[in-house]
Amino acid sequence: MPSHPIRWRGGCFAPLVRWLQAALLRPAGWLPALGPIPAQALALLLALAGLAQAATLELQGRGAPVLLDAAMLAQHAQARDIEVPGDIAYGRSMRYRAVPLALLLGQLGLTPGDTLEAVASDGFGAQLPGALVLRGAAGGQGAPWLAIENSAQPWPALPGKSASAGPFYIVWPQAQGVSSEQWPYAVVRLALRAAPEQRWPQIAVAQQLPPEHPARRGQAVFITQCLVCHTMNGGGAGRMGPDLNQPMNPLQYFQEDALRRLIRNPQSVRAWPAQAMPGFGPQQISPAQLDDLLAYLAHMRQRPAGPTGRKP
């Protein structure tokens, strides 16, 4: 222990720790006197108070970024122990300490027309429609919850992986109408964004396509199931997989039957130790949706974007 006048766990910093805990645990008006603490300032305060080792979640809304501490969030007045039957990540029923995701969506200023971007530590980037995550009252039927991992009692490792789904995981106790890729885990940041096709115009099909064109329906499948890991013409936040149109479209190096098989069961086509892509069975992508997805890829093959991300 250095001979420094600052005492990290007590002394002059004990009031600061208690003040931070009380302020951040308020159901509304997180800091009544000062408003939300900017991310950089809170990181400094937590470090000075000896709390920096706790996991933090960054919120990027309409104002300055805000950091929320996992331990404090787990003690929030709206925190509950919840059961999640058929948990997607673990493939079984799980129990979590969690808060209604609506609690944070209000802090972000999310509206039904916005998109909630959930960014994971491994580069996964889910684009969740505002109308979906806002459905139901806070903690009500069909509403999503933010599960919070206790660092002292971590969750088990995910099947086939060495790490858990923590520190934060968006779960759906009633998951009707929610796809497998809309359960982002290892989340480190939640951000308010525009709809993906507005944020990245280079992923969009040609405007003249009719509303019921298979490629237009396939674009919706791509945004939900593929954009979390891949980019299209450089557009997208996912960083786990390659771009699917630059420098080449998959239909240029896969026969269609082989590409269908890759999507359904990647290891049946090619396998290596670090392979991360899961298979998408008919429950995740229906046969009709798979047809639409391939129609989208075929359409985008004719719409490569240049270095600026604009399509010629």
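Here are some notes on the fold, its nonpolar cores and two of its helices.

1. Overall picture. Keep in mind that this is a predicted model. The chain has ten helices and nine strands. Of its 312 residues, 47% are buried. If you take the contacts with a sequence separation of 6 or more, 61% of them link residues 24 or more positions apart.

2. The largest nonpolar core. There are 50 residues in this one, and those touching the most other members are Y96, L116, L146, Y169, I170, V171 and L190. Helix α4 supplies the largest share of the core, with five residues. A separate core of 26 residues lies apart from it, and V205, I223, Y296 and M300 are among its members.

3. L146 up close. If you want one residue to click on in the largest core, L146 is among those with the most contacts to other members. Leaving out residues up to four places away in sequence, L146 touches L57, L73, R97, A98, V99, L101, L104, F168, Y169 and I170. Two of those partners, L101 and L104, sit in α4, where both are buried.

4. Helix α4. This helix covers residues 101–108, and its buried residues include L101, L103, L104, L105 and L108. Right after α4 comes G109, with a positive phi near 80 degrees.

5. Helix α9, inside and out. Which residues of α9 are buried? In this helix, which runs over residues 256–264, they are L259, L262 and I263. Looking down the axis of α9, you find these buried residues within an arc of 95 degrees, so they line one face of the helix. As a reminder, an α-helix has 3.6 residues a turn, so residues three or four places apart point the same way. D257 and R261 are on the other side of α9, and they are exposed.

6. What α9 packs against. The buried residues of α9 pack against two helices, α8 (250–253) and α10 (287–301). For α9 and α10, the packing angle is about 125 degrees and the axes are 11 Å apart. An angle over 115 but not over 145 degrees counts as oblique, and α9 and α10 are therefore oblique to each other. The crossing of α9 past α10 is right-handed.

7. Who makes that contact? On the α9 side, the contact uses E256, L259, R260, I263 and R264. From α10 come P287, L290, D291, L293, L294 and L297. Of the α9 residues in this contact, L259 and I263 are also buried.

Technical notes. Residues are numbered from 1 along each chain as its sequence is written. This is a predicted model: local features need pLDDT of at least 70, side-chain atom pairs count only at pLDDT 80 or more; totals for chains, interfaces and linings use all residues. Side-chain values use heavy atoms; hydrogens and water are left out. Buried means under 20% relative accessible area, exposed over 50%, partly exposed in between (1.4 Å probe, protein chains only). Helices (H or I, at least four residues) and strands (E, at least two) are DSSP runs, numbered from the N terminus. A nonpolar core is a set of buried Ala, Val, Leu, Ile, Met, Phe, Trp, Tyr and Cys residues joined through side-chain atoms within 4.5 Å. Contact means heavy atoms within 4.5 Å. The arc is that of the directions from the helix axis to the C-beta atoms. Axes are lines fitted to C-alpha atoms, for helices over the stretch in contact, and angles run from 0 to 180 degrees between N-to-C directions. Angles under 35 degrees count as roughly parallel, over 145 as roughly antiparallel, 65 to 115 as roughly perpendicular and the rest as oblique. A crossing is left-handed if the near helix is turned anticlockwise from the far one by less than a right angle, and right-handed if clockwise.
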